[in-house]
Amino acid sequence: MDPQPAGPAGGSLADLLERVLDKGIVIAGDIKIDLLDIELLTIRLRLFIASVETAKKAGIDWWETDPALSSRAARDALTEENARLRARLEALEEPGPDTGPHATEVSR
């Protein structure tokens with residue numbers, strides 16, 4: 001007689017993982033360091049584990065706009081920077097009121 005190990009009935013680890021990713025799970029915790037009743041450091045940790053679809057439903061999609069994680073976001077960031085630089089260049093190249101063929105020279 002081999003004793004069966006006790007565990008959750010009616011599911012495998014894959015089923016549990018699928019359920020967690022489908023519903024999402026939040027793990028929260030705080031770490032506080034005090035010295036003589038003076039708070040020196042507080043670290044708040046929040047962990048949200050979910051599938052991409054569940055995270056999007058919760059309004060979390062930072063990986064789509066982070067240039068380090070998304071090639072589309074990197075292209076968009078480069079396109080935006082390029083447009084800003086072109087606008088600055090055009091502004092610098094525009095002739096001002098003190099330039100041009102009829103500008104007067106200021107003597108010292």
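**Ile33**

I started with Ile33 and asked how exposed it is. Ile33 comes out as partly exposed, at a relative accessible area of 40%; that label fits because the value sits between the 20% and 50% cut-offs. A reminder to myself: this is a predicted model. I placed Ile33 in strand S1, and looking across to S2 I found Leu41 standing opposite Ile33.

**The nonpolar patch**

Next I asked which residues form the nonpolar patch on the surface. My list reads Ile31, Ile33, Leu35, Leu36, Ile38, Leu40, Leu41, Ile43 and Leu45. Together they have about 860 Å² of accessible area. Two or more of these residues come from strand S1 (25-35), and two or more from strand S2 (38-49). Which element gives the most to the patch? I got S2, with five residues. So Ile33 can belong here on accessibility, because its 40% is over the 30% that patch residues need.

**The hairpin**

I then checked how S1 and S2 are put together. The two strands run antiparallel, and 11 bridges join them. They make a hairpin that leaves two residues between the strands.

I looked at the turn one residue at a time. Leu36 sits in the loop between S1 and S2, and its phi is positive, near 55 degrees, in a residue that is not glycine. Leu36 counts as exposed at 77% relative accessibility, and I had already noted it as a member of the nonpolar patch. Asp37 is in the loop between S1 and S2 too. Its phi is about 65 degrees, again positive without being a glycine. I read 80% relative accessibility for Asp37, so it counts as exposed.

**Val26**

Still in strand S1, I picked out Val26. Buried or exposed? Val26 is exposed, with a relative accessible area of 59%. Once I set aside neighbours within four places in sequence, I found Val26 in contact with Leu47 and Phe48. I also took a C-alpha distance from Val26 to Ala50: 8.8 Å, for a pair 24 residues apart along the chain.

**Thr54**

Thr54 was my next stop, in helix H2 (residues 52-57). This one counts as buried, because its relative accessibility is 12% and the limit for buried is under 20%. What does its side chain reach at 2.9 Å? I found the backbone oxygen of Asp22. There is also a polar contact of 2.9 Å between the side chains of Thr54 and Ser51. Leaving out neighbours within four places in sequence, I listed the contacts of Thr54 as Leu21, Asp22, Lys23 and Gly24. Asp22 therefore turns up twice in my Thr54 notes, as the backbone oxygen partner and as a contact, where contact means heavy atoms within 4.5 Å.

**Whole protein**

Last, I stepped back for the totals. I counted four helices and two strands, in the order α-β-β-α-α-α along the sequence. How much of the protein is buried? Buried residues make up 5% of the 108 residues, and Thr54 is one that counts as buried. The accessible surface comes to about 10,300 Å², and 58% of that belongs to carbon and sulfur atoms. For contacts with a separation of 6 or more, I noted that 20% are between residues 24 or more positions apart.

Technical notes:
Residues are numbered from 1 along each chain as its sequence is written. This is a predicted model: local features need pLDDT of at least 70, side-chain atom pairs count only at pLDDT 80 or more; totals for chains, interfaces and linings use all residues. Side-chain values use heavy atoms; hydrogens and water are left out. Patches are made of residues with over 30% relative accessible area and no salt bridge: like charges are joined within 9 Å, nonpolar side chains (Val, Leu, Ile, Met, Phe, Trp, Tyr) within 5 Å. Accessible areas come from the Shrake-Rupley method with a 1.4 Å probe; for residues, only the protein chains shown count as cover. A salt bridge is a side-chain nitrogen of Lys or Arg within 4 Å of a carboxyl oxygen of Asp or Glu. Buried means under 20% relative accessible area, exposed over 50%, partly exposed in between (1.4 Å probe, protein chains only). Two strands pair if DSSP finds at least two bridges between them. A polar contact is a pair of N or O atoms within 3.5 Å; within protein, one must be able to donate a hydrogen and the other to accept it, and residues adjacent in sequence count only if both atoms are side-chain atoms.
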